[in-house]
Amino acid sequence: MKALFVYNSNPAAVAPEQTKVLEGLAREDLFTVVHDLFQTDTADFADIVLPATTTLEMFDIHKPYGQLYLSLSRPAIAPLGEALANTELFRRLAARMGLADPCLRDSDETMAARPSTGTTRT
């Protein structure tokens with residue numbers, strides 16, 4: 001592995017076999033990007049840290065653990081500074097990489113409105 005992109009996680013603190021994870025993150029030949037709200041343990045190893053938005057700044061659907069309902073979050077404020085939502089960052093990366101699949105340009109609202117293709121529990 002030559003590059004690592006970390007978002008919505010802090011593997012330096014939560015992954016099993018932490019010693020091996022920290023050794024891997026410390027590799028000089030590993031290019032690491034972290035997209036997060038905070039300077040996490042993993043971000044300490046990053047070559048680049050990109051600011052992520054908070055729940056107050058983005059459109060999202062939340063599926064709580066142990067519940068049978070979804071909740072919708074609409075942005076209450078504009079993103080601060082250069083912060084981006086994960087989905088916006090991925091759209092921009094896909095465009096810069098020349099990826100052409102139309103779904104890679106879908107807005108958050110379009111993705112949220114799309115019927116789920118996941119399995120249904122009975």
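The residues lining the largest pocket of this predicted model divide into seven nonpolar, three polar and three charged. The space within this pocket amounts to about 330 Å³. Of its 13 lining residues, Asp60, Ile61, His62, Met111 and Ala112 lie closest to the centre. Three elements, β4 (60-62), α3 (86-96) and α4 (108-113), each contribute at least two residues to the lining.

The second largest pocket encloses about 200 Å³ of space. Its lining comprises three nonpolar, seven polar and two charged residues. The residues concerned are Asn8, Ser9, His35, Asp36, Leu37, Ala52, Thr53, Thr54, Thr55, Met58, Asp60 and Asn86. Asp60 is thus found in the lining of the second largest pocket and is also listed among the residues closest to the centre of the largest pocket.

At the level of the whole chain, four helices and five strands are present, and from the N terminus on the elements follow the order β-α-α-β-β-β-β-α-α. The C-alpha atoms occupy a box of roughly 45 × 35 × 30 Å along the principal axes. The chain has 122 residues, of which 25% count as buried. Its accessible surface is about 9200 Å², with 58% belonging to carbon and sulfur atoms. Among contacts with a separation of 6 or more, 41% are accounted for by residues 24 or more positions apart.

Strand β2 (residues 31-36) is mostly covered, five of its six residues being buried. On one hand, β2 pairs with strand β1 (residues 3-7) in the parallel sense over five bridges, and Phe5 stands opposite Val33 of β2. On the other, β2 runs parallel to strand β3 (residues 48-51), to which it is joined by four bridges; here Val34 stands opposite Val49 of β3. Strand β2 therefore has pairing partners in both β1 and β3, where a pair requires at least two bridges.

Helix α3 packs against this group of strands. Its buried residues are Asn86, Leu89, Arg91 and Ala94, and these pack against β1, β2, β3 and α4. In an α-helix there are 3.6 residues a turn, so residues three or four places apart point the same way. Of the buried residues of α3, Asn86 also takes part in the lining of the second largest pocket. Just after α3, Gly98 adopts a positive phi of about 75°.

Positive phi values also occur at two residues that are not glycine. Asn8, with a phi of about 55°, is found in the loop between β1 and α1. With a relative accessible area of 62%, Asn8 is exposed, because this value lies over the 50% limit. Asn8 is in addition one of the residues that line the second largest pocket. Glu17 likewise has a positive phi of about 55° and is located in the loop between α1 and α2 (18-25). The relative accessible area of Glu17 is 53%, and this residue is therefore classed as exposed.

Two helical residues illustrate buried positions in the N-terminal helices. Pro11 belongs to helix α1 (residues 11-14). Its relative accessible area of 19% falls under the 20% limit, and Pro11 is therefore buried. Beyond residues up to four places away in sequence, Pro11 touches Val6, Val21 and Thr42. Pro11 and Thr42 are separated by 31 residues in sequence, whereas their C-alpha atoms are 6.4 Å apart in space.

Leu25 lies in helix α2 and is buried, with a relative accessible area of 6%. Apart from neighbours within four places in sequence, Leu25 is in contact with Leu4, Ala12, Leu30, Thr42 and Phe45. Thr42 is accordingly a contact of Leu25 and also of Pro11. By contrast with these contacts, Ser116 is 91 residues from Leu25 in sequence and 35 Å from it in space, C-alpha to C-alpha.

Conventions:
Residues numbered from 1 in each chain as written. Predicted model: local features only at pLDDT ≥ 70, side-chain atom pairs only at ≥ 80, totals over all residues. Heavy atoms only, no water. Buried < 20%, exposed > 50% of the residue type's maximum accessible area, 1.4 Å probe, protein only. Contact = heavy atoms within 4.5 Å. 1 Å grid on protein atoms, 1.4 Å probe; cavity = no way out; pocket = protein on both sides within 12 Å on 5 of 7 lines; lining within 4 Å. Points joined across faces, edges and corners; volume = space filled by probe spheres on them. Nonpolar A, V, L, I, M, F, W, Y, C, P; charged D, E, K, R; others polar. Areas by Shrake-Rupley, 256 points an atom, 1.4 Å probe, with all protein chains shown as cover.
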